[in-house]
Amino acid sequence: MIKKIQKKVADYTFNKVSLLEEALTHPSLSGRHNYQRLEFLGDRVLGLVVSDWLLDLYPDDDEGQLNQRFSSLVRRETLAEIARNLKIVNMILLAPGAEQEGTRDKGAIQCDVCEAVIGAIYLDGGFDAANAFIRAHWKGIVQKDVNAFKDAKTLLQEWCQARNLPLPRYNVVSRTGPDHNPIFIMQAEVEGVDQASAEGTAKRFAEQAAAAALIEQLATQS
């Protein structure tokens, strides 16, 4: 399996290739030897690096603004995009069945593997290596205007508040698929105005997608 992967991810070359192999291995391919433990670690390393970075970059921001920036920098969509940009997605090791199901193209999986790679870099090269990797590949978004970091649910809520409308409601339309790879369809609704549905691999992801779809619908009506 090691022969299938390179030693290098973007600008980082692994000393211990087995760590990168583990970070790229989907649970469908190998029982306990998969990216999940490294994902757990990488999530914490990413959070620490981003938190420290934001405190340094924005000394005048209050806690709410820092949280807004932080949430956007570590959210699924951001990590999935970085995984695609760095070609990490192409390196994921999957069982044939998972490949056929389109697992490689799912944002949640791309996000998980991105975090796992960060965890692997931390174990392979230490904190300085992980810190340098994150700062190099998040630098294009870390200095965006704070308002650019608002997620779809926040934007929809603010749209309702500006018009003195009830706050959005989110309802489960359906849940399908196996426990290890579920698909949720969630509905976002502004009572008496409009509604929209979307799917995701977790409720929170489907809610964000439904909110984004509803915002788009509302924009075309105004």
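How many disulfides does the count come to? In this predicted model, the count comes to zero. The cysteine pair formed by Cys 114 and Cys 111 illustrates the result: the closest cysteine sulfur to that of Cys 114 belongs to Cys 111 and lies 7.1 Å away, which is too far for a bond, because a disulfide requires the two sulfur atoms to be within 2.5 Å. Cys 114 has a relative accessibility of 1% and therefore counts as buried. Cys 160 is likewise assigned to the buried class, because its relative accessible area is 0%; the limit for this class is under 20%.

The environment of Gln 110 was examined next. Gln 110 is located in helix H6, which comprises residues 107–125. With a relative accessibility of 3%, Gln 110 counts as buried. A polar contact links the side chain of Gln 110 to the backbone oxygen of Arg 104, at 3.0 Å. Arg 104 also appears among the residues that Gln 110 touches when those up to four places away in sequence are not counted. The other residues in this set are Leu 79, Ala 80, Ala 83, Arg 84, Val 89 and Asp 105.

At the surface, a nonpolar patch of about 360 Å² is made by Leu 48, Tyr 122, Leu 123 and Phe 127. Of these contributors, Leu 48 is found in helix H2, spanning residues 36–57, while Tyr 122 and Leu 123 fall within the residue range of helix H6, the helix that also holds Gln 110.

Technical notes: Residues numbered from 1 in each chain as written. Predicted model: local features only at pLDDT ≥ 70, side-chain atom pairs only at ≥ 80, totals over all residues. Heavy atoms only, no water. Helix = DSSP H or I, 4+ residues; strand = E, 2+ residues; numbered from the N terminus. Buried < 20%, exposed > 50% of the residue type's maximum accessible area, 1.4 Å probe, protein only. Polar contact = N/O pair within 3.5 Å; in protein donor to acceptor, adjacent residues only side chain to side chain. Contact = heavy atoms within 4.5 Å. Patch = residues over 30% accessible without salt bridge, like charges linked within 9 Å, V, L, I, M, F, W, Y side chains within 5 Å. Areas by Shrake-Rupley, 256 points an atom, 1.4 Å probe, with all protein chains shown as cover. Salt bridge = Lys/Arg side-chain N within 4 Å of Asp/Glu carboxyl O.
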